Amino acid sequence: MDAAVAGREAEAPWVGRALPRKEDAALLTGKGRYADDMPVPAGTLVAHILRSPHAHAIIRNIDAARALSLPGVKAVLTGEDIRKVSDPFLVAVKEPLPQWSLAVERVRFVGEPVALIVASDRYIAEDAAEKIDVDYEPLPAVIDPRAAVAVGAPLVHPDVKSNEVATRSFTYGDPKKAFAEADHVVALEVEYPRNSFTPMECFVVVADYRAAEQTFDVLSNFQGPFSAHPVMARALRIPGNRLRLRTPQDSGGSFGIKLSVFPFIVLMGLASRAVGRPVKWVEDRLEHLLAASSGPNRVSKIEAAVMKDGRITALRMDNLEDYGAFLRAPMPGPLYRMHGANTGAYDIHHLEVTNRIALTNKAPACLIRGFGGPQLYLAVERLVQRIAVELNLEHIDVIRRNLIPAGVFPYKTAAGALYDSGDYPRAVEGAIGDGRLEALKKRRDEVRARGGIYGIGFAAVVEPAMSNMGYLSTLLPAAVRERVGDKNGAVSLATVNVDPLGAVTVTADSAVQGQGHATVLSQIVADQLGLTPDDIVVNLEIDTQKDQWSIASGTYSSRFSPGTAVAAHLAAERIRNKLLRIAAKQLNILPDDVELADGKARSRTNPDNALSFGRVAGTAHWSPVMLPEGVEPGLRETATWCPPELEPPSKDDRINTSLTYGFIFDMCGIEIDPVTFQVRVDRYISMHDAGRLMNPLLAEGQMKGAFVQGLATALYEEFVYDERGSFLSGSFADYLVPTATEIPPLELMHIETPSPFTPLGAKGLAEGNCMSVPVCIANAVADALSMKDIPLPLSPRRVHALMVGEEAPPPAGLGTAAKQEKPKDGRDITGKGAFEVSAAPSEVWRTLLDPEALKRVIPGCHELILEAPNAYRAEVSLGVGPVRGRFRARVLLSDLDEPHSARLSGSLAGPLGAASGGGVVGLSATEGGTRLVYDYAVTVSGTAAAVGGRLLDGAADIIIRKFFEGLARQVGKEETASPHASARKRSGIIAWLRALFGGRK
Amino acid sequence: MTTLKPGDLARIDLTLNGEAVSGHAEPRMLLADFLREKCGATGVHVGCEHGVCGCCTIVMNGVAVRSCLALAVQAEGAVIETVESLAPDGTLNAMQEAFRKHHALQCGFCTPGILMSLIDLLRRNPKPEREEIVHVVGGHLCRCTGYSNIIDAAMDAINGTAK
Ligand code: FES
Ligand code: FES
């Protein structure tokens, strides 16, 4: 080999380099092309969705007449309209669980779409929503999955006999025998909370029904899987080629969530067809938090058969997973995506699993980063920690004793996963080595010695990537599978195109959300073609009418590295082989002697014998007749990658759920502040084996992002519902996304055991820390507090409850500021207060009971009508933080004791929520005039409840102040004006207003 | 003083990234919507419309402002800078370059707002400490990056080592 050749071969390939991204130049200058930035056809209308304030109610009637009379409003669609022109979405179980894109007959969760308004702009559409009168008959709701599956629980779907809509049990090996022979049985129950990773960009859909072609042309920031495409087409009652779905170049994050835009794609498509114009919808943040999507919450009972030395011989688990009000495709994915990996990183041969699917009156759960992994490992890895505690062993030693040993890969797990490669002991020893574990222990000793609270946690997880399309079939018994046909495999597609000047373009089946796939694809293709990544243009917009796609397409379940990337590699390799043959003929050498490098095709042995890349590529276009025999003209290759390892489930229900399996070992130290009960992560080390890293800069970016999402699950984020199903975390002031000030440093480490099942050796890597971090922190807190039951998220309130007890008073010296609220209390607002008005009680009484005067006093009151003696109907505009809306109020007065006191009760309803309750107002004479004392108790639901206590408080302050200022003004005026109201008319609206927005004064 | 009613259109003249622009807006129109829809400044992103996420941050009259919390009519006569102003000749500025080098953005949706807040910080204090940077970035939500690369990028840009 000559020196030049040796030198070139030593040149590092592009794959493997920590290359900054192609995508960044546009995104850093405000030139991103997100869905809401894209131009829309002239005449496009805007849609807004009216949503349910009730967790469970019959829709008695929807009256949209007043909304339709507003100028600019084109149409209002309801569930009844939708039902006539579309079919319910397909579901994975056989029970009748029909879901349309708008609620039909009943609502089943707060935030469920009830009506769609199409108008000339969004402001008008939102105005119109306030003028739609929906008559609901509230029903009892069921929120906790354990309560939901109990006998006699209210049924979420009355046509299904139980809220436990599907159950399957699996046995692998002989767990019964293992448990009988075990030295110990260690058991635990864990509960994984509801949360989401709330991408910063919400859902966007632009739908244009093209009547002439009978085609729905839709642009949306949908992320895949494109298995949802047939689901949408079926709902629209069209063949798939009539649903042209396009995704934009940029998407503002997704993390699984933007699959759940699909019902809205159908809804906007139907709306566009109904009005004959394109329709655009941009979801807002309140809608997103309320009802876009969520990870499923899960209650797991798990037990292990353990030998004296800590060796686990069998696992038994019962998973009750709560998917909310509907089973949205592809649910119950999280229960089955991890199925093969149920024994985690451990060599356990006997396994029993029961998967139970529960429905409740909460927003439907769906895809989310981690997808079943965080739930599984919370159970398994908490249990391993408990085994150590109960057997008096070191936690790390129990992990070591049970890890799958090196040298046995590919390794078949009890439930059928084929772990491709790994060296778990090396990864674990690498992480704890160099004194890292010793340092953590020393730190723990020091903190404990000074009376502090410190704990160390570990978590070992296997991270699957690129799902087998057959995994969900495991839900069905083998006999049924045989009848309906086996699903299996996973198709990845990518296309490399070279134009007549040799310029290269790549398209692929990945719907990006910020991962940097364009950069990685350009590295892969550059290596094959002897070009630089800068030479390659990658366009990852998807157009289902024109581009390569299949049901597995999209960006989810970490399928890029083991899937799409491989397809691009294969497509580029084909182009390369073709170019080698063309060049060989032109250079007059053998194809074996040709190499593509430095933008040239040249002889390896005589590099001076060379042609430019463009020249060779041009031949395929300009001189197709001159091509060597057997070489097809043109230069465009679409490669399909479908690895054979993704077999269908076996007769005995074993399933290789994914293609690659990475490994993560995490170790952390946490300290709990004894005064604030805050959990502070002192040190966090995360060791990864993701096979070959194609771009370490981007790989670590994914890991850092997942780490903070895992941290959020462990400590901060939770969707909270009260017992009646009111949603209480509807703004970013209530749903706590961590910020830069909350982030501990992360120490990342890597080993690489390349996957033998993909030509690039790369595994998925973006979800692992979402799986490992929550349980690692939970284990550390368990260690710190020596406790068994560790609820998530570990908010100060929960840690306080663990340490001091739920009802205990705050620690001495804390004062009232540390008083914790129980979220269970929801927006049951109670309170009292007083206000002075400088007029006599009789005068105030008169004003309060005069509808005309009151109308002027009540902030935002449009109308106040006396419907019956002591019964009022009013319409008011109220604002709570970012939310503003019109409400219809009904108030009844009783126990009138003029001019001293009155009792009032009533209800309030509007698109932003509902409220009901009552209170008492008292008037007493003072030197300066009248002192009003009020006292109330009110329940608020819907958006108004979701936006949270502090906003309600703030709004209450303003409204009450405005009211009394108005009252003072009005009373002054009334002294000269002639009172035209009878003394018997009254209002309790004020106190009731306060009741709605009342603070804890 | 003119009183505007719902439905009335107000004419708004302002300076956007050095250029005079004008447009009409209803009194209730948000400044963020006005900049995006009427002025084409789609680098202004809307992530929450309730003042928490910081995606919509712009610099108005020399101060970083959340444009979802301001009305378009309030910007009459204002001098507004958005992310589109940061690389006038197409060359990334030091902060943008540092973001690229440190992979401080993934989806990029939060990025324009964070850049504007950092620019605002640097004008007030050209050599901020790490804590100040964390504090300023702490006023923004980013779901992708986990923040650490953003802090590293800002530190790098400030120490002049970004290129
Ligand atoms: S959109 Fe303005 S702060 Fe979130
Ligand atoms: S980069 Fe996606 S939100 Fe920050």
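**Two domains of chain B, and the cores**

Mentor: Domain 1 of chain B and domain 2 of chain B bury about 1300 Å² between them, with 57% of that on carbon and sulfur atoms. Buried area here is the accessible area (1.4 Å probe) that two parts lose on being put together, summed over both. Keep in mind that this is a predicted model, where local features need pLDDT of at least 70 and side-chain atom pairs count only at pLDDT 80 or more. Residues are numbered from 1 along each chain as its sequence is written.

Trainee: Okay, so which residues of chain B make up domain 1 and domain 2?

Mentor: The bounds come from an automatic or database domain assignment. Chain B is split into domain 1 (10-84) and domain 2 (87-158).

Trainee: Which residue forms a salt bridge with Arg123(B)?

Mentor: A salt bridge means a side-chain nitrogen of Lys or Arg within 4 Å of a carboxyl oxygen of Asp or Glu. Across the interface of these two domains of chain B, the rule finds 1 salt bridge. For Arg123(B), the closest N and O atoms are 2.6 Å apart, and the partner is Glu81(B).

Trainee: How many residues of domain 2 of chain B are in contact with domain 1 of chain B?

Mentor: Contact means heavy atoms within 4.5 Å. On the side of domain 1 of chain B, 19 residues take part, and from domain 2 of chain B the number is 14.

Trainee: Which residue of chain A is in contact with Phe99(B)?

Mentor: Leave aside neighbours within four places in sequence. Partners in chain B include Ala104(B), Leu105(B) and Ile150(B), while from chain A comes Leu28(A).

Methods
Chains lettered and ligands numbered in written order. Heavy atoms only, no water.
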